[in-house]
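Please open the model in your viewer and keep the selection panel within reach. The stops below say what to select next and what is there.

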Amino acid sequence: MSDKKQVMVFIEHSEKKIANVSLELICEAGQLAEKLDADVVAVAPGYDMKEELASLGHYGCKTVYYINDKRLAHFTSNPYAKSIINLIKTQQPEIVLFGATETGRDVAPRIASALKCGLTADCTELQIGEHKVKSQIYENVFLGIRPAFGGNIMATIVTPESHPSMATVRPGVMKMNPPDTSLKADVSEVESGLSDEDFITEVIEVVRREKTVNLGAAQLIVAAGAGAADPNTLGLVRKLANTIGAELGASRPLVDSGLLGHDHQVGQTGTTVRPNLYIACGISGQIQHRAGMAESQRIIAINSDPDAPIFNIAHYGIVGNLNEVIPKMINAYKDKA
Ligand SMILES: Cc1cc2nc3c(=O)[nH]c(=O)nc-3n(C[C@H](O)[C@H](O)[C@H](O)COP(=O)(O)OP(=O)(O)OC[C@H]3O[C@@H](n4cnc5c(N)ncnc54)[C@H](O)[C@@H]3O)c2cc1C
């Protein structure tokens with residue numbers, strides 16, 4: 001166990017590529033670690049990844065606890081959970097962060113229940129602060145902040161009596177700092193402590209589902225809302241996206257109605273995006289949608305209702321009918337191009 005406090009991040013990877021959400025969390029862990037005078041460390045079950053893991057230093061990670069075991073080359077729930085539990089018991093970190101991905105959502109609750117500690121899911125903000133219960137004051141407590149009750153309130157969840165505090169955070173929510181390639185993390189190999197009996201499933205083949213859209217990495221997004229549900233209007237929104245080379249996003253009603261796949265959905269239960277430009281077409285701007293796009297650098301909103309809440313966060317607002325506005329935008333763009 002280290003003499004210094006530690007804020008730990010679980011490193012997710014696929015085909016030896018570290019997931020962006022893990023890099024985002026390393027950067028966010030840096031802010032928390034500063035307040036706690038702690039080190040940012042990582043836990044990475046895997047195989048043959050030493051070099052890739054050292055690059056976590058570019059983002060501020062000091063030490064990577066690398067559980068190097070051929071049987072951990074691909075994610076399987078129980079062996080990953082058990083090897084991380086063993087490490088947490090040895091290292092006693094203050095906080096452990098996971099991506100709110102399929103992998104993180106699978107492994108984090110298993111660890112939390114084995115260690116009998118609190119886990120706050122889908123946080124949108126993480127802080128270190130004070131917590132008071134009657135006359136009891138807890139200093140430097142981990143605060144997991146997330147939308148609750150359908151996104152109508154922001155709840156701050158604390159687990160001051162259990163150790164460590166754990167949270168999951170969705171991809172794209174935390175900001176990734178530019179890498180400092182002069183820095184490398186110390187990669188410390190640790191035993192998995194696993195026996196063959198811990199491996200009740202075996203990964204025989206990994207079959208990749210190709211995504212039709214990659215909103216998380218997109219710098220330009222044109223998103224269609226319920227106001228574009230008519231096939232002609234949706235066709236116009238799609239045309240605008242194609243014309244300017246943007247990815248096509250959507251609000252939930254378009255996905256629920258089957259007009260677009262879930263990969264297109266932006267928001268609390270979809271993807272969180274931070275593009276340079278987000279054009280919201282016929283989207284009212286409910287909190288659950290805003291939760292996924294409010295951090296966009298520039299937002300243009302087109303809506304026929306001048307009081308639509310989306311205009312409160314838009315940098316440029318166009319009050320009008322999509323069927324009239326979008327063709328003009330396409331023509332204007334083509335004239336300038
Ligand atoms: C737990 C939970 C999770 C959720 N997660 C998400 C999520 O991840 N993402 C998400 O998007 N939603 C989510 N929702 C749903 C959310 O609450 C809203 O219902 C949804 O965002 C509304 O989508 P919208 O703005 O497209 O539709 P509406 O609210 O119906 O707005 C349509 C807008 O289009 C405008 N309009 C109509 N016709 C035209 C036209 N011809 N030209 C111009 N403007 C026009 C209208 O003025 C209106 O403002 C969630 C809800 C819950 C309870």
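Begin by colouring two ranges of this predicted model separately: residues 5-198, which form domain 1, and residues 215-336, which form domain 2. If you place a marker at the C-alpha centre of each domain, the two markers will lie 33 Å apart. Next, select the contacts between the domains, where eight residues of domain 1 meet nine residues of domain 2. On the domain 1 side of this contact, a colouring by residue class will show three nonpolar, four polar and one charged residues.

Now turn to the ligand and select its surroundings, which comprise 29 residues, with Gly225, Gly227, Ser251, Gly267 and Ser284 as the closest. Several elements give two or more residues to this shell, namely helix H6 (252-256), helix H7 (287-293), strand S16 (298-303) and helix H8 (322-336). Which of the elements supplies the largest share of the shell around the ligand? Highlight H7, since the largest share, three residues, comes from that helix. With the shell still selected, colour it by class, and you will find seven nonpolar, 20 polar and two charged residues around the ligand.

The remaining stops concern the backbone. Select His163 together with Pro164 and display the peptide bond between them, which is cis, with an omega of about -5°. To place this bond in its context, show strand S10 (153-157) and strand S11 (165-169) as well, because Pro164 is found in the loop between these two strands as they are assigned by DSSP.

Move next to Lys116, a residue other than glycine whose phi is nevertheless positive, near 55°. Its setting is the loop that runs between helix H4 (102-115) and strand S7 (119-123). Is Lys116 buried or exposed? Lys116 is exposed, because 8 other C-beta atoms lie within 10 Å, and a residue counts as exposed when there are 12 or fewer.

Finish at Lys134, which likewise is not a glycine and has a positive phi, here about 50°. To find Lys134, follow the chain from strand S8 (125-133) towards strand S9 (136-148) and stop in the loop between the two. Count the C-beta neighbours of Lys134 inside 10 Å and you should arrive at 5, which is why this residue, too, counts as exposed.

Note on methods
Residues numbered from 1 in each chain as written. Predicted model: local features only at pLDDT ≥ 70, side-chain atom pairs only at ≥ 80, totals over all residues. Domains from an automatic or database assignment. Contact = placed C-beta atoms within 7 Å. Nonpolar A, V, L, I, M, F, W, Y, C, P; charged D, E, K, R; others polar. Near = placed C-beta within 6 Å. Helix = DSSP H or I, 4+ residues; strand = E, 2+ residues; numbered from the N terminus. Buried ≥ 20, exposed ≤ 12 C-beta atoms within 10 Å, placed from the backbone.
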